[in-house]
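Here is a short tour for anyone opening this model for the first time. Have a look around, then read on.

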Amino acid sequence: LRRGEVLGLTWDDLDLDLGTITIRRQMRTNKGKMELVEVTKTSAGRRQVTIDQETVSRLRSTKVLQAGDRLAFGEGYPDTRLVFTHADGKPTHPTAFSMGFARRVKKLGLPKIRLHDLRHTHAAHLIATGAHVKVISERIGHSSTSFTMDRYGHLMEGQQRNASDAVANLVDGATP
């Protein structure tokens, strides 16, 4: 997900039983003020993606922690239904979110990586698993598979050998 898509997620966008997230809005800044808008960067940005069970588990934990925060703050806690908020329930500013990520990366001694680079890393991991370009394009929220190929095609070069070997094995293994 893009940063604004993450920050725009509400609990209504998550189906933790099915393990899906529906992206339909984003948090963005306009003249220095945050706004939750019912649009995504592109029309393809409106999408549903599946998530793994570890992510589901962490989101369930986040929901429990947020419920505790809501009780602790009482009536002053805003009912935004946002998934990612500060302990007081207020939305997280996109720039602060990126800066917090950078601080965590540094604290953990990891190689420097921008928050947005996680999207590229995810795409690269999908390519490495042999995921179909249509699946990659849909998960990333690209408007077309050709855009995905233009952006990440260089990572698929090794798949030529895999494809030719797979076809040879299929043909050679066929019974006459």
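A pocket, as the word is used here, is an open set of grid points where a 1.4 Å probe fits, with protein on both sides within 12 Å along at least five of seven lines. Keep in mind that what you're looking at is a predicted model.

So what does the largest pocket hold? About 1300 Å³ of space. It is lined by 34 residues, and the closest to its centre are Val6, Thr55, Phe84, Phe97 and Leu118. Several elements give two or more residues to this lining, among them helix H1 (3-7), helix H2 (53-73) and strand S5 (47-50). Which element gives the largest share? That's H3, with 6 residues. By residue type, the lining of the largest pocket splits up like this:

| Type of lining residue | Number |
|---|---|
| Nonpolar | 14 residues |
| Polar | 11 residues |
| Charged | 9 residues |

Now for the strands. Strands of a sheet pair through backbone hydrogen bonds, and they can do so in a parallel or an antiparallel way. In this model, an open sheet of 3 strands runs in the order S1-S2-S5, and its pairing is antiparallel. At the edges sit strand S1 (14-15) and S5, each pairing on one side only. S5 is also one of the elements that help line the largest pocket. Between S1 and strand S2 (residues 20-23) there are 2 bridges, and Asp15 has Thr20 in S2 as its bridge partner.

Then there's a hairpin, made by S3 and S4 with 2 residues between them. Strand S3 (residues 26-30) and strand S4 (residues 33-37) run antiparallel and are joined by 5 bridges. Met27, for example, is partnered by Leu36 in S4. Look in the turn for Lys31, which has a positive phi of about 55 degrees.

Next, the charged contacts. How many salt bridges does the structure hold? The count is 11. One of them brings together the side chains of Arg81 and Asp12, at 2.9 Å from N to O. This pair links distant parts of the chain: Arg81 is in the loop between H2 and H3, Asp12 is in the loop between H1 and S1, and they are 69 residues apart.

Last stop, the surface. Val167, Leu170 and Val171 make a nonpolar patch there of about 310 Å². To find it, start from helix H7 (residues 159-173), where Val167 is located.

Key: Residues numbered from 1 in each chain as written. Predicted model: local features only at pLDDT ≥ 70, side-chain atom pairs only at ≥ 80, totals over all residues. Heavy atoms only, no water. Pairing = 2+ DSSP bridges. Helix = DSSP H or I, 4+ residues; strand = E, 2+ residues; numbered from the N terminus. 1 Å grid on protein atoms, 1.4 Å probe; cavity = no way out; pocket = protein on both sides within 12 Å on 5 of 7 lines; lining within 4 Å. Points joined across faces, edges and corners; volume = space filled by probe spheres on them. Nonpolar A, V, L, I, M, F, W, Y, C, P; charged D, E, K, R; others polar. Patch = residues over 30% accessible without salt bridge, like charges linked within 9 Å, V, L, I, M, F, W, Y side chains within 5 Å. Areas by Shrake-Rupley, 256 points an atom, 1.4 Å probe, with all protein chains shown as cover. Salt bridge = Lys/Arg side-chain N within 4 Å of Asp/Glu carboxyl O.
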